[in-house]
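The following exercises concern the pockets, the cavity and the salt bridges of one protein model. Each task is followed by a solution in steps.

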Amino acid sequence: MSGRSVEIALVKAGRTKIRYPAELLADDGVRLTVRAPWAAEGVRDFGFVRFEPGDVFTEHYWRDRWYAVKEVRSGDGALKGWYCDVTRPAVVGADGAEVLVEDLDLDLWVPADGVGVLRLDEDEFAASGLAAADPEAAERAVRALDELDALGRDGLVELLAGRADR
């Protein structure tokens with residue numbers, strides 16, 4: 001199973017935000033791990049990190065958790081940090097060829113040194129209307145961001161290595 005290609009489909013507010021191919025590294029039935037090059041065109045400079053051609057993302061998706069965690073490395077292998085997306089649990093297609101992930105606006109950045117964890121896009125989340133449209137999902141999203149924030153400050157690497165029971 002490892003080494004085959006899958007397509008990641010990231011949707012937001014009912015429309016596809018981006019689709020890209022990735023290499024399947026592992027799938028234990030709960031957590032799916034893939035590797036993919038930076039999929040967008042050009043450079044995306046967030047101010048606190050730049051994503052650019054040559055960057056490699058090792059992405060972890062869970063079928064039972066409301067987030068995805070993406071380890072970001074430069075083309076030369078240097079760790080930039082972890083970009084964490086608050087999402088609904090990932091849905092893997094019946095044939096295993098597609099991973100569907102619904103972005104819920106909230107994000108977290110954990111720099112490589114672990115100092116200065118940043119909560120992102122809370123204003124977008126508030127403006128999204130999710131709290132009114134689906135209060136339970138909105139509550140799960142906020143709890144997921146809080147969990148990621150705590151993990152980012154203490155133990156994110158352990159979660160990804162499979163040693164944390166969270």
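The model is predicted.

**Exercise 1. State which elements supply at least two residues each to the lining of the second largest pocket, and describe that lining.**

Step 1. Two elements meet this condition: S10 and helix H2 (130–133).

Step 2. Of the elements, S10 gives the most, with four residues.

Step 3. The lining includes Lys12, Ala13, Arg88, Glu102, Asp103, Leu104 and Asp105. Ser128, Gly129, Leu130 and Ala133 also belong to the lining of this pocket.

Step 4. Sorted by class, these residues give four nonpolar, two polar and five charged.

Step 5. The space in the second largest pocket amounts to about 160 Å³.

**Exercise 2. Describe the largest pocket by its volume, and identify the residues closest to its centre.**

Step 1. The volume of the largest pocket is about 550 Å³.

Step 2. Its lining is made up of 27 residues, and those closest to the centre are Leu10, Lys17, Trp38, Arg44 and Phe46.

Step 3. At least two lining residues come from each of strand S1 (5–12), strand S2 (15–27), strand S3 (31–37), strand S6 (56–62), strand S8 (79–87) and strand S10 (98–111).

Step 4. By class, the lining holds 15 nonpolar and twelve charged residues, and no polar ones.

**Exercise 3. Determine how many cavities of 30 Å³ or more the structure holds, and name the residues that line the largest cavity.**

Step 1. There is one cavity of 30 Å³ or more.

Step 2. The volume of the largest cavity is about 30 Å³.

Step 3. Its lining consists of Ile8, Leu10, Tyr20, Tyr61, Lys70, Asp85 and Val101.

Step 4. Five of these lining residues are nonpolar and two are charged, while none is polar.

**Exercise 4. Two residues of the cavity lining, Lys70 and Asp85, deserve a further step. Are they buried or exposed?**

Step 1. The side chains of Lys70 and Asp85 form a salt bridge, with an N to O distance of 2.8 Å.

Step 2. Lys70 belongs to strand S7 (residues 67–73) and Asp85 to strand S8, so their pairing ties together parts that lie 15 residues apart in sequence.

Step 3. A residue counts as buried under 20% relative accessible area. Both Lys70 and Asp85 are buried.

**Exercise 5. Give the number of salt bridges in the structure, and explain which parts of the chain are tied together by the pair Glu7 and Arg19.**

Step 1. The structure contains 20 salt bridges.

Step 2. In one of them, the side chains of Glu7 and Arg19 meet at 2.6 Å, N to O.

Step 3. Glu7 is in strand S1 and Arg19 in strand S2, so this salt bridge joins parts twelve residues apart in sequence.

Step 4. Glu7 has a relative accessibility of 31% and counts as partly exposed. Arg19, at 41%, is partly exposed as well.

**Exercise 6. Show that the salt bridge between Glu124 and Lys12 links distant parts of the chain, and name the residues of a salt-bridge network.**

Step 1. The side chains of Glu124 and Lys12 meet in a salt bridge of 3.3 Å, N to O.

Step 2. Glu124 lies in helix H1 (residues 122–127) and Lys12 in strand S1, and the two residues are 112 residues apart.

Step 3. Glu124 is partly exposed at 35% relative accessible area, and Lys12 is partly exposed at 21%. Lys12 also appears in the lining of the second largest pocket.

Step 4. The residues linked in a network of salt bridges are Asp45, Arg50, Glu52, Asp55 and Lys80.

How values were computed:
Residues numbered from 1 in each chain as written. Predicted model: local features only at pLDDT ≥ 70, side-chain atom pairs only at ≥ 80, totals over all residues. Heavy atoms only, no water. 1 Å grid on protein atoms, 1.4 Å probe; cavity = no way out; pocket = protein on both sides within 12 Å on 5 of 7 lines; lining within 4 Å. Points joined across faces, edges and corners; volume = space filled by probe spheres on them. Nonpolar A, V, L, I, M, F, W, Y, C, P; charged D, E, K, R; others polar. Salt bridge = Lys/Arg side-chain N within 4 Å of Asp/Glu carboxyl O. Buried < 20%, exposed > 50% of the residue type's maximum accessible area, 1.4 Å probe, protein only.
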